[in-house]
Amino acid sequence: QVQVVESGGGLAQPGGSLRLSCAASGPIRTIYAMGWYRQAPGNQRELVASINSDGMTNYADSVKGRFTFSRDNAKNTAFLQMNSLRPEDTALYYCYALATDYDDTEWKTWGPGTQVTVSS
């Protein structure tokens, strides 16, 4: 089955940067889209950014101009570069991949999440 795992979370100071990675693995034929959601305690999960197979990106208004989402299609990996971090960016960040495997089964697979904490 298709699996996704995130990495790169941690503690950053306000104004600092972190780079999250999302790696998809398994019998992947095609990844159509990847994306990041986040969820802070007491809040609903919200979309942060997404990217399709053509490299077109979509960002939440709250992160536009600060976060950059990119993909390495050859490695089935995506990256979220987060700059100018704010305390309100503190959340558990989840990556997903929308993919088909070699049996043409479609998967929307989520990773377990990586914690991002922005605090001085």
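Contact here means heavy atoms within 4.5 Å. The model is predicted.

Start with T100, a residue of strand β9. T100 counts as buried because its relative accessibility is 7%, and buried means under 20%. Leaving aside residues up to four places away in sequence, T100 touches P27, I28, R29, T30 and Y32. T105 and E106 are also among the contacts of T100.

Strand β9 leads on to the core. The largest nonpolar core holds 31 residues. Within this core, M34, W36, F69, L80, M82 and Y93 touch the most other members. Several strands supply two or more residues each: β3 (18–25), β4 (28–39), β5 (46–52), β7 (67–72), β8 (77–82), β9 (91–101) and β11 (114–118). Of these, β9 gives the most, with five residues.

Now take L80. Again setting aside residues up to four places away in sequence, L80 touches L18, R19 and L20. W36, V48 and A49 are further contacts of L80. F67, T68, F69 and Y93 complete the list for L80.

Turn next to the loops. N76 lies between β7 and β8. N76 is not a glycine, yet its phi is positive, at about 50 degrees. With a relative accessible area of 22%, N76 is partly exposed.

D104 sits in another loop, the one between β9 and β10 (106–110). Phi of D104 is also positive, near 65 degrees, in a residue other than glycine. Is D104 buried or exposed? D104 is exposed, because its relative accessible area is 55% and the cut-off for exposed is over 50%.

Conventions. Residues are numbered from 1 along each chain as its sequence is written. This is a predicted model: local features need pLDDT of at least 70, side-chain atom pairs count only at pLDDT 80 or more; totals for chains, interfaces and linings use all residues. Side-chain values use heavy atoms; hydrogens and water are left out. A nonpolar core is a set of buried Ala, Val, Leu, Ile, Met, Phe, Trp, Tyr and Cys residues joined through side-chain atoms within 4.5 Å. Buried means under 20% relative accessible area, exposed over 50%, partly exposed in between (1.4 Å probe, protein chains only). Helices (H or I, at least four residues) and strands (E, at least two) are DSSP runs, numbered from the N terminus.
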